[in-house]
Amino acid sequence: MLPVLLVAVDNTVLAFAVPSISESLRPGGTELLWIVDAYPLVLAGLLVPMGSLGDRVGRRRLLLIGATGFAIVSAVAAFAPSAPLLIAARAALGFFGAMLMPATLSLIRNIFTDPVQRRTAIAIWAAGFSGGAALGPILGGFLLEHYWWGSVFLLAVPVLVPLLVLGPVLVPESRDPEPGPVDPVSIALSLGAMVPLVYGIKRIAEDGPTTTALLAIVLGLALGYGFVRRQLRRPVPLLDVRLFANPVFSGSVAANLLSVFAMVGFLFFISQHLQLVSGRTPMEAGLVLVPGLVVTVVAGLAVVRVVQHVRPARVVAGGLLLNAVGYGLVLVSGSAGSDVGLLVAFMVLGAGVGAAETISNDLILSSVPAAKAGAASAVSETAYELGAVLGTAVLGSILTAVYRTNVVVPDGVTGDDARAAGETLGGATEVAGGLPDSVAQTLLESARHAFDSGVVITSAIGVVLMVVAAVIALRALRSAD
């Protein structure tokens, strides 16, 4: 649980440190982009190779190696004197982070052979993600109010030291009894497919469909095709892609991805609303999100009992439909929605994500042999990463496009200020701070109305996607016990 909690915190905490890093290290625009992106790009590219490597060399061994490297590099990153060194440290964190997550889930698959115990353990594992997501903004806000930006990286040291001390004693080793050889070409193809694919999606979310972003996605898909062809030809593949022919496995992966898509897409606009429309600090916004994340944890644990009496397909589909209801509440309330209304909608969505995530992860693991748990866990983690990236890219891009179409910049705002105010709500808020009160108020009212219009359209798309996902889950998972 310790590395799960840490990685979840790390996913959210850096965003709060970016302004302090910009002020201290003065990176260029491209350097700042890579400070943020280096970690998720390397992580996404190496999840499948590291999952398969854990099956071969030992999951506990890989977990402890990853934890050692992550703790050391985190301490180095905290004191990085320049932007290039911080980028290198973030890439190294992605390398060691890729060892942690598949190892934790595959160890659960091999330690807990009883289905009820396994589902409970996976629910607690998923709770670590939700707990970390809640703690990230709160811890980040506290640390940055009292210490320098590097303190957010030092969080890893006290979290991972107990794992390194107690892990060899408490965690049993497990591995594939008949491992195949390590295939460097497959590893290179996996990395070459995922890195440009994730990079292209992230750039579309930031800058729209630029030529660079589209070429990166095409390159990623081409290398991914090459990866699949190679796995089908090898007697012992790095990843047995034939697993996707099993509808329970592929349907569970899709449900996993779409649940994360729903959660991250919702967080994208609720966090902006709380800070830029309601005027809350990052730490206050984080505290408003806590009830929804608590519901996610509770639902994940409660669904373990439910699935003993209700078929998994119906539980997963029910969770996805709750996601649709959460988006529907935002859609119905529209621009009149309040913070309390968003909180309630997020709690409903949290219940859906908790239920769907727990059971879909369990089905992913239980639908493959225990010896291949590392590879299956890596697929689950890759779906999680892709869901997070797509949630921001798809729903975020739509929200931004609607905002740009509807915002009206007052005549008194020109040049770079007009461009910034017309791009994002954050830009409009920053520009308004330097304008006369009457002009600032006019700009903010228009910007907030445009943002809320985008939220309504985004929510409508979220409702449709979740309903379609629920239908797919019912059909794909109907043979699951």
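This is a short talk on salt bridges, a surface patch and a pair of packed helices in one protein model.

Okay, hi everyone. Before anything else, keep in mind that what you're looking at is a predicted model.

Let's start with charges. Side chains of opposite charge can pair when their charged atoms come close. So how many salt bridges does a search of the whole structure find? The count comes out at six.

Take R59 and D55 to begin with. These two form a salt bridge, and their closest N and O atoms are 2.6 Å apart. Now, is R59 buried or exposed? R59 has a relative accessible area of just 1%, so it counts as buried. Its partner D55 is buried too, because its relative accessibility is 4% and the cut-off for buried is under 20%.

Next up is D183, and this one is fun to trace on the screen. D183 meets R230 in a salt bridge, at 2.9 Å from N to O. Where do the two sit? R230 is in helix α9, residues 211-233, while D183 is in the loop between α7 and α8, so the pair links distant parts of the chain, 47 residues apart.

D183 also meets R234 in a salt bridge, this time at 3.3 Å, N to O. That pair links distant parts of the chain as well: R234 is in the loop between α9 and α10, and the two residues are 51 apart. As for cover, D183 is buried, with a relative accessible area of 5%. R234, on the other hand, is partly exposed, at 22%. And while we're on salt bridges, R118, R119 and D362 are joined into one network by bridges that share partners.

Now over to the surface. Which residues make the nonpolar patch of about 500 Å²? They are V161, V165, L166, V169 and L170. Pick out V165 if you want a landmark: it lies in helix α7, which runs over residues 156-170. V165 has a relative accessible area of 54%, and over 50% counts as exposed, so that's the label it gets.

Last stop, helix packing. Two packed helices are described by the angle between their axes and the distance between the axes. Here, find helix α12, residues 312-333, and helix α13, residues 339-366. They pack at an angle of about 160°, with their axes 8 Å apart. Anything over 145 degrees counts as roughly antiparallel, so that is how α12 runs relative to α13. One more detail for your notes: the crossing of α12 and α13 is left-handed.

That's me done, thanks!

Notes. Residues are numbered from 1 along each chain as its sequence is written. This is a predicted model: local features need pLDDT of at least 70, side-chain atom pairs count only at pLDDT 80 or more; totals for chains, interfaces and linings use all residues. Side-chain values use heavy atoms; hydrogens and water are left out. Patches are made of residues with over 30% relative accessible area and no salt bridge: like charges are joined within 9 Å, nonpolar side chains (Val, Leu, Ile, Met, Phe, Trp, Tyr) within 5 Å. Accessible areas come from the Shrake-Rupley method with a 1.4 Å probe; for residues, only the protein chains shown count as cover. A salt bridge is a side-chain nitrogen of Lys or Arg within 4 Å of a carboxyl oxygen of Asp or Glu. Helices (H or I, at least four residues) and strands (E, at least two) are DSSP runs, numbered from the N terminus. Buried means under 20% relative accessible area, exposed over 50%, partly exposed in between (1.4 Å probe, protein chains only). Axes are lines fitted to C-alpha atoms, for helices over the stretch in contact, and angles run from 0 to 180 degrees between N-to-C directions. Angles under 35 degrees count as roughly parallel, over 145 as roughly antiparallel, 65 to 115 as roughly perpendicular and the rest as oblique. A crossing is left-handed if the near helix is turned anticlockwise from the far one by less than a right angle, and right-handed if clockwise.
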